[in-house]
Each structure stands twice: as C-alpha cells, then as structure tokens.
Amino acid sequence: MQTVCVTGASGYIASWIVKFLLLRGYNVKASVRDLNDPKKTQHLLELDGAKERLHLIKATLLEEGSFDALVDGCVGVFHTASPFYSSVTNPQGELIDPALKGTLNVLRSCAKTPSVKRVVLTSSMAAVYFNGKPRTPDVVVDETWWSDPNYCKQMQLWYILSKMLAEDAAWQFVKEKGIDMISINPAMVIGPLLQPTLNTSSAAILSLINGAETYPNTMVGWINVKDVANAHILAFENPSANGRYCLLERVSHYSEVVSILRDLYPTLELPSRCANDEAYEAKFKVSREKAERLGVEFSPLEEGIRETVESLKDKKFFKSTK
C-alpha cells in the first residue's frame, strides 16, 4: 500500500483529494497548521478509511523544514497549501510569501527525500491567462500560456501574481533538482464543501444567493471540486502525465451563473443587474484536450452550482426560508 502526503489538507480542494486517496486505498499523511483545531481536522478524521490510514501532521508554509516529516516515506506529494483571499492589506505577507516560499519549502523537503517519485502541484488558471493578451471568441487558451507578473502588478491582481510566481519558481526548482512534477491549473472551483469553513470560491456563489443586488461583470472559468481532486490523482497515477493541465468545464459570465441559479431555484431572490454598465467581456475558449487525455471527466456547471448551494444550505451558511 503506497504512502502519499497532502499539504494544507483542511482546505477545500485538499479535503477532497484526501477523501479520494483514502477511498483508493492509499496511506495518507496530511498536513494542517493546527492539530488542535477541530475545524481543520474533524472532517478529515471522519472520512472513510481515515481511522486506519490517515495520519495528521502539523506543518507551516513559512517554517523551513516543517514538511520534512510529512514527506518522509512518501512516493507522492500533493502540494495544495496556498492562501486564497480576494481582499488583502499586505499582498506580500498574506499571499505572495506563503505561496512562493511555501512551495519552495515543500519542494526542498521533496528534494532530500529519495522515496518521492512525483509531486503534483495545485496551481491555478490564475497562473495561465492573466497576461493582457486579448481573449476573444477565436482565442484558445492552453497550457502554453503564462500570466505576466508585470501585468498582474499593474492591475494589482495579487492572488493571481502569487500563484504565477509560485508555479514558475516550482518549475525552475524541479528542473534543477530532477524532480518529476505535474501542475494542475483549475479555474474557479465550486461544488460540495467537506470542510466546515467557507472558502473563497464557494463564497462567490453564496453572495449571489444571499441578497447581493448585483453580480460581477466578469467572465470566469468554472470547475467542480471533485473533478479537480480526481485530476490530481490521475496526474499522480498516470506515468505519461506531464507538465501543466488546464482544468475547467466551461467559461461563463456571472450573468449565466445567475441564470442557472434562477432555473434551479426559482424562489430565490437573485441579483437582477450587473455591477457596472460596461460591455461584457467576450467569451473565450480554454482547451480541455490535455486534461481529457489524462482521463478527467467534467461534471456540468449546472451540477456544480446545485451542489454548492445544497452544501451551503447543509452547512448553514445560507439560511433558506423557502
């Protein structure tokens, strides 16, 4: 039975990776920042197989060497730990340092652990398509695209910058050290929550159903969290997996998401107008070809939206009166 580890295991995507790994029979070592915080640990300890095969370890992104014990004896390392906040007061301290230095900290632990056969890095479409290039309907974004740090700084896209810098540094490091790494680049992740806390991407759906007067004037790629977790495991298990994988089911404007919500939940009070009067961005395409070759099957956006709403109700984030 193989042993693998997951960093930032209490997070939204990571919790699903842990769940699926346990279901597949792996021994899983999982890092959390605080072993005494039930909000970080309880939902993981209740997963099927956790009693027998889940081992929680305390590790912190910015503490040098704190992932050594986690990585020790593992054949696979899933590095998902990275902060995701929409609004920050100190982008360097809150986003960039934990993402960039934390990734290199984990990779340094991997470099000195001979058992590690492959690292799967959770990156983001944030590291792919924010470069100022026009995204028109005839444009197809694929794995060869990279976000531009200067563009991100100019536009003050700090989360996007943090993911781009972290992934870029990771590729440079693994090339130098001869580590086999795959990066998974999901778009906006929705679907059911395992963890008891509200994550940033689910909060985007919550705000739409929780009395928002307007919806954002933004075109976004969307992907189900279960598909993201599954893609990570396929990337680890498939010997021919390589490089980066763009992951999204479709690109949709927030107005379309509101329209889907309206069809699914006719009694909900949903925003009826856009946040501004500017023309909607054109819908662009992102190639799913490489992810499909890996074996990823994409759940429809409608299903992800429904699962998110039901999960938000279930976890009492949204008190539906209807």
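Let me start with one pair of residues: Gly-221 has Val-251 in strand 12 as its bridge partner. Before going on, I should say that this is a predicted model.

That pair belongs to a wider set. Strand 10, residues 219-224, is joined to strand 12 by 4 bridges, and the two run antiparallel. Together with strand 8 they make an open sheet of 3 strands, in the order 8-10-12, with mixed pairing. Which strands stand at the edges? They are strand 8, residues 188-190, and strand 12, residues 250-253. Each has a single partner strand, so one side of each is left without a neighbour in the sheet. From one strand to the next, the twist averages 45 degrees.

A helix goes with this sheet. Helix 9, residues 225-237, lies across strand 8 and strand 10, and its angle to strand 10 is about 65 degrees.

Now helix 7, residues 158-177. What span should its 20 residues have, at 1.5 Å a residue? The expected value is 28 Å, because the rule takes 1.5 Å times one less than the number of residues. In the model the end C-alpha atoms of helix 7 are 28 Å apart, which agrees.

Helix 7 has a number of buried residues, among them Tyr-159, Leu-161, Lys-163, Glu-167 and Phe-173. What do the buried residues of helix 7 pack against? The list has two helices and three strands: helix 5 (91-111), helix 6 (149-154), strand 5 (118-122), strand 7 (181-186) and strand 11 (243-247). After helix 7 comes Gly-178, with a positive phi near 70 degrees.

Next, the cysteines. How many disulfides are there? The count is 0. Take Cys-74: its nearest cysteine sulfur belongs to Cys-5 and is 3.9 Å away, and Cys-74 is in no disulfide. The cut-off matters here, because a disulfide needs the two sulfur atoms within 2.5 Å. Cys-74 is also buried, at a relative accessible area of 0%. For Cys-152, the nearest cysteine sulfur is that of Cys-246, 15 Å away, and again there is no disulfide. Cys-152 counts as buried too, with 0% relative accessibility.

Last, one residue in helix 12, which covers residues 301-314: Ser-311. Is Ser-311 buried or exposed? Its relative accessible area is 7%, so Ser-311 is buried, since buried means under 20%. Leaving aside neighbours within four places in sequence, Ser-311 is in contact with Pro-192 and Leu-193.

That is what I have for today.

Methods: Residues numbered from 1 in each chain as written. Predicted model: local features only at pLDDT ≥ 70, side-chain atom pairs only at ≥ 80, totals over all residues. Heavy atoms only, no water. Buried < 20%, exposed > 50% of the residue type's maximum accessible area, 1.4 Å probe, protein only. Contact = heavy atoms within 4.5 Å. Pairing = 2+ DSSP bridges. Axes fitted to C-alpha atoms, helices over the stretch in contact; angles between N-to-C directions.
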